[in-house]
Amino acid sequence: MSEAELREGLRAAVGDEPPLTFDADALIARAQSARAARKRRRALVVVGVATVVLMGTVLSLPGVLTPKNPVGIDALSGRVLTTTAGPPASGRATSFPLPQPTPSTPWSTTTGLPGGRLTELTTYLEGRFADVVPGTTNVRAEVVEVDEKYPAGLVTASVYFEHRAGTGGVVIHLSGPPVAMSRKDFCVGVKCGTPREQPDGTVVEFAVIPGSSPTKVGYTAAHFRSDGTVVEVTAYSHDPAPGADVRDTVPLSDTQLMVLASDPRLSLS
Amino acid sequence: MRKADERAFRDFAVGHAAALRRTAFLFCGDWHTAEDLMQLSLLKLYQAWHRVEWRDHPSAYARKVLLRTWLDEKRRPWRRVEQRDGEVPDVADSSSDPELAGERLWARDLVHAALLRVPPRQRAVLVLRYFEDLPVSEVAVAMGCTEGTVKSQTARGLVALRAAVEELEEGVVVAS
């Protein structure tokens, strides 16, 4: 078979072509409908994927945010009085407002300091607090938290007392590098007062920390020491343990807070 | 799609639908399937009509789409299981000269039947070269291969077609 015969054969093969009933408008309508369906399918897939991603994020966040060592954070028997989860980035916001444990819930103690140092610090705090804040009775101090990640860098202690206006509590943070905050971080998100320079050239900063209600406030004095450590003393207008008995004033003055914060015997070493 | 584009596509579709169906028929050997292939190809062409680079050669692009659509169809399982017995249905002779018309019908059916025995890609090359009268370069574009491949496929296709024709003729002779 030659190429010419092939050409002729192919022409002849389509000789009995049936009539064409082609409707261009119907074809275009069909194409547009298919395009719309494809868009709907794509939108559905996008929404589905977004939903899966969102659900995955929501479900995985609690696992990511939960600390690996909850014992170090849960310092106050589940009803956390102060929270210091890791190195504070913005400082003050992590120490207030305080949750409200029930009055029957005792403050627990988690110790990581060497036994002798712990006892020494506790005993000294009880005596020193009574001296600095006259009129207080039943003064009791507890080291409530020692961050195990920074055994020599972060200690939180609480001092309980009774005052003529009722029961009260003071929280003391002793922190050193690398978890100690800077003066700049200290004033982030809180109202800072006029700093007071100490005889040795160091500075004590003051801040007012808003609480969960307008009447609940905390006064903090932070002593930024020359060795890089920071001692913060915070007193509240209410008893932070049960969260009741809101008073008009904070039971400790700025000076009393400063004296405690700058006490050289309140140190990590 | 803009109105102007839609009008251009409509004009193209109306003008080329018959030619595309004929080519599709030579590919697949069935007018119903050819109609489906033509419609499907034009649908795909509508979706791609906005591509400016194909505006200058919509016919070549349409042929390419048609060929791809047919090859895709052949790969589908329900197409693969289809078996053809090679028998051509009787067609009424409308010609005034029964002898001449019969001869023409015989030649037409013989080529068509033989063409269906040629492998798909070789068949496509033969149709594009000898029915559409396309040069080798355009066939290469439509097939998505090199010109050398087109030439070799053409040569093999012709050999396969001649063998199929001889086989069919021998079968007819033996049968008669």
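Here is a quick briefing on how chains A and B are put together and where they meet. Keep in mind that this is a predicted model. Chain B is built from eight helices with zero strands, and 22 residues of chain A are in contact with 28 residues of chain B. The mean pLDDT of chain A is 76, with two stretches below 50 that are picked out further down.

**Where the chains touch**
- On the chain A side, α1 (3–13) and α2 (24–65) each put in at least two of the residues that touch chain B.
- Sorted by class, that side of chain A has 14 nonpolar residues, six charged ones and two polar ones.

**The nonpolar cores**
- The largest nonpolar core holds 48 residues.
- Its members that touch the most other members are L10(A), A24(B), L26(B), L66(B), V127(B), M143(B) and L161(B).
- Helix α1 (residues 3–28) of chain B gives the most to this core, chipping in nine residues.
- Another core lies apart from that one and has 42 residues, including L154(A), V190(A), V204(A) and I209(A).

**Chain B overall**
- Read from the N terminus, its elements simply go α-α-α-α-α-α-α-α.
- Chain B has 176 residues, and 33% of them count as buried.
- If you take contacts in chain B between residues at least 6 apart in sequence, 64% join residues at least 24 apart.

**A closer look at helix α3 of chain B**
- This helix covers residues 58–75, and at 1.5 Å a residue its 18 residues should span 26 Å; the end C-alpha atoms are 26 Å apart, so the two agree.
- Its buried residues are Y61(B), A62(B), R63(B), V65(B), L66(B), L67(B), T69(B) and W70(B).
- Those buried residues pack against four elements of chain B: α1, α2 (31–47), α6 (120–131) and α7 (136–143).
- L66(B) is worth clicking on: leaving aside neighbours within four places in sequence, L66(B) is in contact with L20(B), T23(B), A24(B), L37(B) and S41(B).
- L66(B) and A24(B) are also both on the list of core members that touch the most others.

**Confidence in chain A**
- In chain A, 75% of the residues reach a pLDDT of 70 or more.
- Residues 71–81 of chain A have pLDDT below 50, and this stretch has 31 contacts in the model beyond near neighbours in sequence.
- Residues 88–111 of chain A are also below 50, and here the model has 60 contacts beyond near neighbours in sequence.

Key
Residues numbered from 1 in each chain as written. Chains lettered and ligands numbered in written order. Predicted model: local features only at pLDDT ≥ 70, side-chain atom pairs only at ≥ 80, totals over all residues. Contact = placed C-beta atoms within 7 Å. Nonpolar A, V, L, I, M, F, W, Y, C, P; charged D, E, K, R; others polar. Core = buried A, V, L, I, M, F, W, Y, C linked by C-beta atoms within 7 Å. Buried ≥ 20, exposed ≤ 12 C-beta atoms within 10 Å, placed from the backbone. Expected span 1.5 Å × (residues − 1). pLDDT = per-residue confidence, 0-100.
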